[in-house]
Amino acid sequence: MASSTVIAINVDREGVALAPPYSSKSQKKKLDRFYCQPIVSILKQKPMNGHDMRKVIHSVKVGVALVLVSLLYLLGPLYKRVGENAMWAIMTVVVIFEFFAGATLSKGLNRGIGTVLGGGLGCLGAAFAQAVGGVGKAIVVGIAVFIFGAGATYTRQIPNIKKKYDYGALIFILTFNLVVVSGLRADQVLELARDRLATIVMGFAICIFISLLVFPIWAGDELHHSLISRFEDLARSLEGFSKEYFENDNHKEKKSSANFSGKCKSILHSKAKDESLVNFARWEPWHGKFGFSYPWGKYLKIGEDLRDLAIIILSLKGCHDQSSEILEASVKEACEGIIASLAWTIKELGESIKEMSKCRYEDMIMPKMKSVRIEVSAIVNPFALGTYLENSDGLGIASFVHSLMKMVEKLEELAKEVEELGQLGGFHENS
């Protein structure tokens, strides 16, 4: 029989396990190492990356803003001036302080415009209802609430309004209804609206000051770096595809397959993020290399072209799986050279945007694309194409070559978009 060892565990009165007695120095060292392991694992955790640090900075900024607006309550002289309306300043900070500076500015301006318009029209509606008096007062308010509420709600469904000013329309509906209804029971409706607007402006000013001047986090920078990283991911995906299907190392094959497929799929889901960041970036003031008239809309078109390229790269895998090893060997060298040229072109375009230098389309990109077209045409010459189609897997190699041609055409379109971005964005000339 196998021998077993029983270790006694001491517990205190509350049932909590205590450290066992040590029978030897070696056992004591082992147990000390066991108890210290959680602490060591925490200390060995990798340091925060840039994105995590920005989250910490944003959290601290929100905390500071809340402390500042809370002074309206905490300090007696300020509380005497604003009274209970100080709550609106706190609500403003909680609602409009966003991660990106452009998002905070967008929400703040939307809230300000909606509050002013809704409050102003609400005061006029309440004053007119009070002038009518009697039963007509309630009728006037009901009609006003219906007309402006239905009209603003319909406006929110218009695509352009919904994309940029949806929050402002929502605040307009809320403020108008609060003011016009409360105006029936308040004799000093104008004073009430003025005090609430003043506290909202205070909260907005504190948010904008901290968001734009204290370690600002720009949506434009995030969009710019995100687009550059997608160029790099696409180039690596092409290189991974070449390693997977034109090298015989099985270990590398599995690893590169997971990498290039995952990167391409992540690029396919970038549309919503791009649209959101472009909307925020358009609200941001001049910062760094990005001016007021910077063509952020071009990033949407470039992002769309990158997603099309990601689809083509994924389709290459399916096309190649249909071709046989014999056909693979016959076009292996040519395909390797073509894919290497395409990867180089993508890197060059990404580097142009990263350095904000004008794309060398005429002297470098266009000649490279012409040579790639010639190489692809050499694969699909009539003699070679007839040889492929005689085999059962000829359709796979034909589809593969067709996908390469589509990638060349899409890269030419992408290069023109990058060239236009450089012209509109004021990129500097290459030295």
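What share of the contacts in the protein chain between residues at least 6 apart in sequence join residues at least 24 apart? The answer is 79%, with a contact meaning heavy atoms within 4.5 Å. Keep in mind that this is a predicted model, where local features need pLDDT of at least 70, side-chain atom pairs count only at pLDDT 80 or more, and totals for chains, interfaces and linings use all residues. Residues are numbered from 1 along each chain as its sequence is written, and side-chain values use heavy atoms, with hydrogens and water left out.

**The overall picture**

- The protein chain has 16 helices and 0 strands; both are DSSP runs numbered from the N terminus, helices being H or I over at least four residues and strands E over at least two.
- Out of 431 residues in the protein chain, 40% count as buried. Here buried means under 20% relative accessible area, exposed means over 50%, and partly exposed is in between (1.4 Å probe, protein chains only).
- The protein chain's accessible surface is about 24,600 Å², and carbon and sulfur atoms account for 62% of that. These areas come from the Shrake-Rupley method with a 1.4 Å probe, and for residues only the protein chains shown count as cover.

**How far to trust it**

- The mean pLDDT of the protein chain is 78, and 75% of the residues score at least 70; pLDDT is the predictor's confidence in each residue, from 0 to 100.
- Confidence is highest in helix α11 (residues 271-281), with a mean of 92, and lowest in helix α1 (residues 25-43), with a mean of 47.
- Residues 38-45 stay under 50 in pLDDT, and the model gives them 0 contacts beyond four places in sequence.
- Residues 249-258 are also below 50 in pLDDT, and that stretch has 6 contacts in the model beyond near neighbours in sequence.
- Where pLDDT is low, the predicted coordinates should not be read in detail.

**Helix α5 and the greasy patch**

- Helix α5 has 32 residues and should span 46 Å at 1.5 Å a residue, which agrees with the 46 Å between its end C-alpha atoms. The expected span is 1.5 Å times one less than the number of residues.
- Right after α5 comes G133, with a positive phi near 70°.
- L121, L124, V135, I139, I143, F146, I147 and F148 make up a nonpolar patch on the surface, together offering about 810 Å² of accessible area. Patches take residues with over 30% relative accessible area and no salt bridge, joining like charges within 9 Å and nonpolar side chains (Val, Leu, Ile, Met, Phe, Trp, Tyr) within 5 Å.
- Both α5 (101-132) and α6 (135-156) supply at least two residues of the nonpolar patch, and α6 gives the most, with 6.
- One of the patch residues, I139, is found in helix α6.
- G118 belongs to helix α5 and is buried, because its relative accessible area is 0%.
- Leaving aside neighbours within four places in sequence, G118 is in contact with F172, T175 and F176.
- G118 and F148 are 30 residues apart in sequence, and their C-alpha atoms are 9.3 Å apart in space.

**Salt bridges**

- Side chains of opposite charge can pair when their charged atoms come close. The whole structure has 17 salt bridges, each being a side-chain nitrogen of Lys or Arg within 4 Å of a carboxyl oxygen of Asp or Glu.
- R236 and E232 meet through their side chains at 4.0 Å, N to O. Both sit in helix α9 (residues 219-246), 4 residues apart, about one turn of the helix.
- R236 counts as partly exposed because its relative accessibility is 41%, and E232 counts as partly exposed at 31%.
- K347 and E239 form a salt bridge with their closest N and O atoms 2.7 Å apart. This pair links distant parts of the chain, with K347 in helix α13 (residues 325-355) and E239 in helix α9, 108 residues apart.
- K347 is partly exposed at 43% relative accessibility, and E239 is partly exposed with a relative accessible area of 31%.
- K301 and D305 form a salt bridge, with 3.0 Å between the closest N and O atoms. They are 4 residues apart in helix α12 (residues 297-321), so about one helical turn separates them.
- K301 is partly exposed at 35% relative accessibility, whereas D305 is buried, with a relative accessible area of 1%.
- K301 and D305 also belong to a network of salt bridges with D308, K410 and E413.
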